[in-house]
Amino acid sequence: MNRLRAYHLWLVLAGIVTLALLPLPPFWIAQLNYIGLFALTSLGLVLLTGVAGLTSFGQAAFVGIGAYTAAWCALNLGWPPSITLLLGVAITAASAWFIGRITLRLSGHYLPLATIAWGLSLYYLMGNLEALGKYDGLIGLKSLTLLGEPIGQGQGFFAVCWTLLWLATVALTFLLNSRPGRALRALKDGRQMAEAMGVHTLRYKIGIFVVAALFACVSGWLFAHFQRTVNPSPFGLKMGIEYLFMAVVGGVGNLWGAWLGAGVVRLLDEQLQTWLPQLLGVSGSFETIVFGVMLVLILKYRPDGLWSWVQQWLGPSERLRDWDNAPVLPQRNKPAVGDVVLDVQKIRKHFGGLVAVNNISFQVKAGQIVGLIGPNGAGKSTIFNLITGTLPMSSGQVQFNGQAVHGLHSRDIATRGLMRTFQHVKMIPNMSVLDNAAIGAHSRGHSGVMSAILRRNRSEEKAIMAEAERQLVRVGLGDRIHDQAANLPMGQQRLLEIARALCADPTLLLLDEPAAGLRHLEKRELARVLRQLQSEGMSILLVEHDMDLVMDVCDHIVVMEFGTYLTEGSPAHVQADPKVRAAYLGTEH
Ligand code: ADP
Ligand code: MG
């Protein structure tokens, strides 16, 4: 977060305090209170949908759990609000974890569908249980108190609710700029990449689903004490859709989008409900139609929501550079030069009837640069996917530093120090170059969600940033660290991938066509970096079509064609081999 944005945060708090003290008309305070309650729930949705790419229609049901737990326990057991909040949080966390656990493993529409089913069933449960007062609900809850004083439904409630909303936004801002935050931001489009960087993506998905549900639960707990009564209607599927609507209208790409979306939807809802029936001369929920049209227009013309306008006006944000005296991240023990680092034994992969990799064996020794070459479609990228665990192999074995790694998850292989780049660049386009590189250091850090929110991760975060910057400088991207990754030309995106892999302090680096798209000078620079890495004891397996580069930097070259092994040896040996020439030129000897 940069200095400017930090100052915006304080401005917002000052605004809240001012509004809480000004003599505003009760109608407007009531509106603001609803907006605050809604924004708290949509904040969780921004995190879930915008950041992690997961869609939930069931947030209203979690709001209901918070509200009903507060009301039922207070009215029947006389429990104080603090205890009902804890219980609500526990029930919400358990149910969200359960739903997440069974649906998030599956891709596609399972989560939205499961959340719809969840929303519907909880709604009917609330409406049909005698103990919950059926559709009439529970009545007679007391107002919340602060320092012994009831906060009521006016400005006191406003101050509490909006301060909580502000705190939640600040906490999430910290979270998004941290080790777990970067892992979360990779969930949407970069799951495979994140796993290859050592991120346990399923765990993060479930975690973020639970966190979003907790925001909804707290909002429900506040809502129950605000209304002093609960009934099922604000917790049904219609409201679940409306929460999603708020997040999308405001802009799921930014936390403030939740504030804006909740505000716009609440105020429009209010105004349209008064004006439309008067205008049309008949009563009915016409505002729903207007909302539907609005959603279509926004998705068409402003897919990033209304906040993107404000974002444009504010300009890009730049991370404050505060890691000059950062500690150094822990480093791995490196194998001695000459030890076998990678031992590939008869690996095989078929896709249906196509044998993409046919019983290939080779070794990489510590301090060696080994080239893996062959015409397009030879199976080189597939070999990378097999070694790194991105794809399961049909048969064969892989040993890394003397330990069998075939059959392990790609994140577990990455954590052991085997890092890769992708032939088709995989990065998070809307994140800075620096943050993208920092994902590579994921397995060297430990800080989790709580320590990020409480800012207990500061020294680790600085160490990660310093490492990311060091590696970016090393590959020649030192002057672009604050740019959005999407703005880099293709060749530099490949360099970014190398820097990201280096952030993990790997013992073996697998590079898939790193020079594609680089200009001549950049290629020379790349060769220099590769040799420097080698001199530091790094082992590299290089797939590359630029033969000058391959012949220049490799100690040993393995050649394959149509998934099969052709020959191997020194660059001179391979260059002189007629079989290799034939494979490349497509001619017989
Ligand atoms: P290279 O990287 O050497 O150009 P690849 O490893 O990408 O070659 O591909 C080897 C062969 O396997 C190609 O014929 C390709 O079409 C096929 N292939 C690669 N990945 C898949 C996949 N996921 N499903 C089906 N076929 C694939
Ligand atoms: Mg390839």
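This text walks through a predicted model, from the whole protein chain down to its two ligands.

Start with the overall frame. The protein chain holds 23 helices and 14 strands. Its C-alpha trace spans about 90 × 50 × 50 Å along the principal axes. Of the 589 residues, 54% are buried. The accessible surface of the chain comes to about 25800 Å². Carbon and sulfur atoms account for 60% of that surface. Now take the contacts between residues at least 6 apart in sequence: 75% of them join residues at least 24 apart.

Next, go to helix H14, residues 380-387. This helix is mostly covered, with seven of its eight residues buried. The buried ones are Lys380, Thr382, Ile383, Phe384, Asn385, Leu386 and Ile387. After the helix comes Gly389, which has a positive phi, near 80°.

H14 leads straight to ligand 1. Which residues surround ligand 1? They are Phe351, Leu354, Ala356, Asn376, Gly377, Ala378, Gly379, Lys380, Ser381, Thr382 and Gln423. H14 gives the largest share of this shell, three residues. Strand E6 (354-365) and H14 each supply at least two. By class, the shell divides into four nonpolar residues, six polar and one charged.

Look at the polar contacts of ligand 1. A polar backbone atom of Gly379 is 2.9 Å from an oxygen atom of the ligand. For a polar backbone atom of Lys380, the distance to a ligand oxygen is 2.8 Å. Thr382 uses its side chain: a polar atom there lies 2.5 Å from an oxygen atom of ligand 1. Taken alone, ligand 1 exposes 560 Å², and the protein buries 60% of that.

Finally, turn to ligand 2, the magnesium ion. What coordinates the magnesium ion? Ser381 does so through OG and Gln423 through OE1, at 2.0 to 2.1 Å. This pair links distant parts of the chain, 42 residues apart. Ser381 sits in H14. Gln423 sits in the loop between strand E10 (418-420) and helix H16 (433-438). Is Gln423 buried or partly exposed? Its relative accessibility is 23%, so Gln423 counts as partly exposed. The cut-off for buried is under 20%.

The two sites share residues. Ser381 and Gln423 are among the residues around ligand 1, and both coordinate the magnesium ion.

Note on methods. Residues are numbered from 1 along each chain as its sequence is written. Chains are lettered from A and ligands numbered from 1 in the order in which they are written. This is a predicted model: local features need pLDDT of at least 70, side-chain atom pairs count only at pLDDT 80 or more; totals for chains, interfaces and linings use all residues. Side-chain values use heavy atoms; hydrogens and water are left out. Donors are N, O and S atoms within 2.8 Å of the metal (3.2 Å for Na, K and Ca); water is not among the atoms, so sites may look incomplete. Helices (H or I, at least four residues) and strands (E, at least two) are DSSP runs, numbered from the N terminus. Buried means under 20% relative accessible area, exposed over 50%, partly exposed in between (1.4 Å probe, protein chains only). A residue is near a molecule or strand if one of its heavy atoms lies within 4 Å of it. A polar contact is a pair of N or O atoms within 3.5 Å; within protein, one must be able to donate a hydrogen and the other to accept it, and residues adjacent in sequence count only if both atoms are side-chain atoms. Accessible areas come from the Shrake-Rupley method with a 1.4 Å probe; for residues, only the protein chains shown count as cover. Ala, Val, Leu, Ile, Met, Phe, Trp, Tyr, Cys and Pro count as nonpolar, Asp, Glu, Lys and Arg as charged, and the others, Gly among them, as polar. Contact means heavy atoms within 4.5 Å.
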